[in-house]
Amino acid sequence: MRIVLVGPPGAGKGTQAQFIASHLSIPKISTGDIFRANVSEGTELGRKAKEYMDRGDLVPDEVTIAMVRDRLGEPDARDGFLLDGFPRNVPQAETLKKMLAEWDTRIDVVLDLVVDEEEVVRRLSGRRMCDSCGEISHVDFDDKHDDVCDECGGHLFQRDDDKEEVIRHRLEVYRRETAPLVQFYGDEGVLVEIEATGSVEEVTRRALGALAPLEK
Ligand code: AMP
C-alpha cells in the first residue's frame with residue numbers, strides 16, 4: 001500500500017507513521033527525519049536545509065523533491081511505503097503524482113490527522129528528543145523530570161523548531177501551504193480523516209481501522 005500522512009506539526013504523524021508502517025511491513029519515509037540526519041551528519045543537503053528548518057519554513061521544493069525521488073527509487077519502497085511529512089504543499093503533491101504515474105502507480109490513501117491548534121502548541125512545546133536514539137518523549141509524561149532518555153540513557157533536548165514562537169510560525173506555514181492538500185486529496189477521492197486526539201493507541205486503532213478495508 002502507498003500511504004501519505006498529513007496533519008499539522010504535533011498531530012503525532014511521526015509516532016503513528018512508525019506503528020502503521022511496521023504493521024503493514026512497509027518503509028516509513030519521513031522527510032523531516034532525513035533532513036535532520038543530513039544536518040547532524042553535516043552533508044551538503046543538510047547544509048542547504050538547516051536555515052529553513054531552524055526558522056520553521058519549508059525547505060525549497062527542488063531540494064525536497066530530488067531527495068524524495070531518490071528515496072522512493074530504492075528497492076524497499078517498490079511495493080509500498082508510508083510518507084510522513086511529504087508532500088507539504090500542492091506543487092509537491094502534483095510532482096509526486098507525476099512521479100508515481102511514471103512508475104505506473106499512485107497513492108492509495110491519505111490519512112489526515114485532525115487536531116486542534118492549541119493542543120498542537122501544548123504537545124510540541126513539551127516535546128523532547130533523544131540525541132542518541134531519536135526517541136521522542138514529553139515533559140508532561142516524564143515523571144522523573146530529568147533530561148535522560150528512558151530508552152537508552154542518551155541526552156534529551158528540545159528541537160529548535162519546537163520553541164513556541166517557531167511552532168506558531170510552523171502552524172501558519174501549515175495553514176497556508178499544507179492544509180490545501182486536504183482539498184487536493186479529497187478531489188482525488190483518497191482522503192480519510194482521522195481524529196488525532198486521545199491516546200496514541202486509540203489514534204493508531206482508528207488509523208488501522210480506516211486502512212483495513214484497503215489491505216489485500
Ligand atoms: P517535520 O519533522 O516533518 O516537522 O519536518 C521538520 C522540518 O523539515 C520542517 O519544518 C521543514 O523545514 C522540513 N521539511 C520536512 N518535510 C518537508 C517537505 N516535504 N517540504 C519542505 N520542507 C520539509
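# A tour of the second largest pocket, the ligand and the E6-E5-E7 sheet

Begin with the second largest pocket and select helix H2 (31-41), which supplies six residues, the largest share of the lining. Helices (H or I, at least four residues) and strands (E, at least two) are DSSP runs, numbered from the N terminus. The model is predicted: local features need pLDDT of at least 70 and side-chain atom pairs count only at pLDDT 80 or more, whereas totals for chains, interfaces and linings use all residues. Residues are numbered from 1 along each chain as its sequence is written, and side-chain values use heavy atoms, with hydrogens and water left out.

**The pocket**

Keep H2 selected and add helix H3 (44-55) and strand E5 (127-130); each of the three gives at least two residues to the lining. The space within this pocket is about 510 Å³. Among its 20 lining residues, Arg36, Ser40, Met129, Phe157 and Arg159 are the closest to the centre. A pocket here is an open set of points on a 1 Å grid over the protein atoms alone, where a 1.4 Å probe fits, with protein on both sides within 12 Å along at least five of seven lines; lining residues have an atom within 4 Å of a point. Grid points are joined across faces, edges and corners, and the volume is the space filled by probe spheres set on the points.

Colour the lining by class to find seven nonpolar, four polar and nine charged residues. Ala, Val, Leu, Ile, Met, Phe, Trp, Tyr, Cys and Pro count as nonpolar, Asp, Glu, Lys and Arg as charged, and the others, Gly among them, as polar.

**The ligand**

Next, select the ligand and the 16 residues around it (a heavy atom within 4 Å). Thr31, Arg36, Asp57, Gly85 and Gln92 come nearest. H2 contributes the most to this shell, with four residues. The shell comprises five nonpolar, five polar and six charged residues.

Three polar contacts (pairs of N or O atoms within 3.5 Å) merit display. A backbone N or O atom of Val59 lies 3.0 Å from a ligand nitrogen, and a side-chain N or O atom of Gln92 is likewise 3.0 Å from a nitrogen of the ligand. A ligand oxygen is 3.1 Å from a polar side-chain atom of Arg170. On its own the ligand has 470 Å² of accessible area (Shrake-Rupley method, 1.4 Å probe), of which the protein covers 95%.

**The sheet**

Return to E5, and add its neighbours to show an open, antiparallel sheet of three strands in the order E6-E5-E7. Strand E6 (136-138) and strand E7 (156-157) are at the edges with a single partner strand each, so one side of each has no neighbour in the sheet. Strands count as paired if DSSP finds at least two bridges between them.

E5 and E7 are joined by two bridges: Met129 is partnered with Phe157, and Cys130 with Leu156. E5 and E6 pair over three bridges, and Arg127 stands opposite His138. Five residues lie between E5 and E6 in their hairpin, where Gly134 has a positive phi near 85°.

**Two backbone details**

Most residues other than glycine have a negative phi, and most peptide bonds are trans. Select Ser25, in the loop between helix H1 (13-24) and strand E2 (28-30); this residue has a positive phi of about 55°. Finally, move to Pro87, in the loop between strand E3 (81-84) and helix H5 (90-102). The bond from Phe86 to Pro87 is a cis peptide, with omega about -5°.

Conventions
A polar contact is a pair of N or O atoms within 3.5 Å; within protein, one must be able to donate a hydrogen and the other to accept it, and residues adjacent in sequence count only if both atoms are side-chain atoms.
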